[in-house]
Amino acid sequence: MLGILLKFVMPREIVSGVDSVIVITDTIPVNRKRRAIERGIRNSLSAMLPAGIKYRILHHNSRSHYGLQVADYCCWAIHRKWQTGELVWFDQIKPAMRSEVIFHEGQIYPC
């Protein structure tokens with residue numbers, strides 16, 4: 001899923017002159033699972049980033065990382081919009097959004 005998201009986001013960020021990428025995930029308690037997820041992220045980033053752009057993968061507890069909490073809230077608000085038609089929360093975040101995308105069965109649908 002992250003690979004699909006990165007394929008959508010990264011080209012726009014690279015064009016804007018980004019020189020490094022930081023991917024932050026929630027803490028993954030099982031080392032084996034964390035290593036597998038990190039491997040998948042590395043493979044995706046290595047395949048799509050131009051030479052010279054560095055990246056880091058960080059794991060933070062979502063309960064104490066405001067960025068992960070904001071991302072979770074935004075995803076929830078978009079989910080409510082499409083699942084139940086409730087726009088109250090979506091309308092609050094809409095001015096700060098660059099784009100809205102729906103992933104379905106491996107496809108990307110910009111809205």
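This is a guided tour of the structure, stop by stop, with a selection to make at each one.

Begin with the whole protein chain, keeping in mind that the model is predicted. Its secondary structure comes to four helices and four strands, and, read along the sequence, these follow the pattern α-β-α-β-α-α-β-β. The C-alpha atoms fill a box of roughly 40 × 35 × 30 Å along the principal axes, and of the 111 residues 22% count as buried.

Next, select I24, which sits in strand 1 (residues 20–26) and is partly exposed at 32% relative accessibility. Add H60 to the selection: the two residues are 36 apart in sequence, yet their C-alpha atoms lie 6.9 Å apart in space.

Move on to helix 2, which covers residues 31–48 and contains R39. Together with R32, K33 and R35, R39 forms a positive surface patch. Then show the side chains of E38 and R42, which meet in a salt bridge with an N to O distance of 3.7 Å. These two residues are four apart in helix 2, which means that about one helical turn separates them. The partners differ in exposure, because E38 has a relative accessible area of 15% and is buried, whereas R42, with 37%, is partly exposed.

The structure holds three salt bridges, and the other stops for charged pairs lie further along the chain. Select E86 and R80, whose side chains meet at 2.2 Å, N to O; E86 is partly exposed with a relative accessible area of 26%, and R80 is partly exposed with 24%. Then select K81 and E100, which form a salt bridge at 3.0 Å, N to O. This pair links distant parts of the chain, since K81 belongs to helix 3 while E100 lies in the loop between helix 4 (88–93) and strand 3 (101–104), 19 residues away. Both K81 and E100 are buried.

For the last stop, turn to the aromatic side chains, where the structure holds two pairs. In one of them, the ring centres of Y73 and W76 are 5.7 Å apart and the planes stand at 40°, so the pair is tilted. Y73 and W76 are three residues apart in helix 3 (residues 66–84), and therefore about one helical turn separates them. Y73 is partly exposed, with a relative accessible area of 31%, and W76 also counts as partly exposed, at 34%. Finally, add W89 to the selection, and the view shows one aromatic cluster formed by Y73, W76 and W89.

Definitions and conventions
Residues numbered from 1 in each chain as written. Predicted model: local features only at pLDDT ≥ 70, side-chain atom pairs only at ≥ 80, totals over all residues. Heavy atoms only, no water. Patch = residues over 30% accessible without salt bridge, like charges linked within 9 Å, V, L, I, M, F, W, Y side chains within 5 Å. Areas by Shrake-Rupley, 256 points an atom, 1.4 Å probe, with all protein chains shown as cover. Salt bridge = Lys/Arg side-chain N within 4 Å of Asp/Glu carboxyl O. Lys, Arg positive; Asp, Glu negative; His and termini not counted. Charge placed at Lys NZ, Arg CZ, Asp CG, Glu CD. Phe/Tyr/Trp six-rings, centres within 6.5 Å; stacked < 30°, edge-to-face > 60°. Buried < 20%, exposed > 50% of the residue type's maximum accessible area, 1.4 Å probe, protein only.
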